[in-house]
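Notebook, structure session. I wanted to look up strand pairing, one pocket and a few single residues, and to write down what I found.

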Amino acid sequence: RHHRHHRHHRHDNNVPMYRLERMVVRTEMQGRGIGSRALREALRESDAAGLPVLLSTQEERNVRFYGRLGFEVVREDEIAGHTSWSMIRQPVASDED
């Protein structure tokens, strides 16, 4: 088991945050903005609550997808030849404040 921490973030179980558990867009529907639109709606909710969002992915292409939406890799684990990335997106203040 191997892991790397990115930047100086760490996941603290005592800090309240949203967790994105699973998001799937059918293969034939990918590339049409469906996943981005759905996720942006959830991110608006987390922003309104002032809470970060945590997720994990095992697909490298998803790291780029989530990165475009403001997520940063905070941990990278390699287990039995498979890589898992933990990513966090900090809340964004609304321009309406």
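Entry 1, strand pairing. I began with Arg-19 and found that this residue stands opposite Leu-54 in β3. I note here that the model is predicted. The two strands concerned are β2, residues 18-20, and β3, and they pair in the parallel sense over three bridges. I then followed the chain from β2 to β3: the path goes through α1, and this β-α-β crossover is right-handed.

I next looked up the pairing of β3 with β5. These strands run antiparallel and are joined by five bridges. For a residue pair I took Thr-57, which stands opposite Trp-85 in β5.

Is β3 enclosed or not by the rest of the structure? I looked up burial with a cut-off of under 20% relative accessible area. Four of the five residues of β3 are buried, so I put the strand down as largely enclosed by the rest of the structure.

Entry 2, the largest pocket. I read its space as about 650 Å³. Its lining comes to 24 residues, and Met-23, Val-24, Asn-62, Phe-65 and Tyr-66 lie nearest the centre. Three elements give two or more residues to this lining: α1 (34-49), β3 (53-57) and α2 (60-68). Which of the elements gives the most? I found that α2 does, with five residues. I also sorted the lining by class and got nine nonpolar, nine polar and six charged residues.

Entry 3, Arg-40. I located this residue in helix α1. Is Arg-40 buried, partly exposed or exposed? Its relative accessibility is 41%; partly exposed lies between the 20% and 50% cut-offs, so I entered Arg-40 as partly exposed. I also checked its distance to Leu-69, which is 29 residues apart from Arg-40 along the chain. The C-alpha atoms of the two are separated by 7.9 Å.

Entry 4, Ala-80. I looked at the backbone here and found phi near 50°, a positive value in a residue other than glycine. Where is Ala-80 found? I placed Ala-80 in the loop between β4 (72-79) and β5 (82-89). Its relative accessibility is 72%, and exposed means over 50%, so Ala-80 counts as exposed.

How values were computed. Residues are numbered from 1 along each chain as its sequence is written. This is a predicted model: local features need pLDDT of at least 70, side-chain atom pairs count only at pLDDT 80 or more; totals for chains, interfaces and linings use all residues. Side-chain values use heavy atoms; hydrogens and water are left out. On a 1 Å grid over the protein atoms alone, a cavity is a set of points where a 1.4 Å probe fits but cannot get out, and a pocket is an open set with protein on both sides within 12 Å along at least five of seven lines; lining residues have an atom within 4 Å of a point. Grid points are joined across faces, edges and corners, and a volume is the space filled by probe spheres set on the points. Ala, Val, Leu, Ile, Met, Phe, Trp, Tyr, Cys and Pro count as nonpolar, Asp, Glu, Lys and Arg as charged, and the others, Gly among them, as polar. Buried means under 20% relative accessible area, exposed over 50%, partly exposed in between (1.4 Å probe, protein chains only). Two strands pair if DSSP finds at least two bridges between them. A crossover is right-handed if, with the strands pointing away from the viewer, the path from the first strand over the helix to the second runs clockwise.
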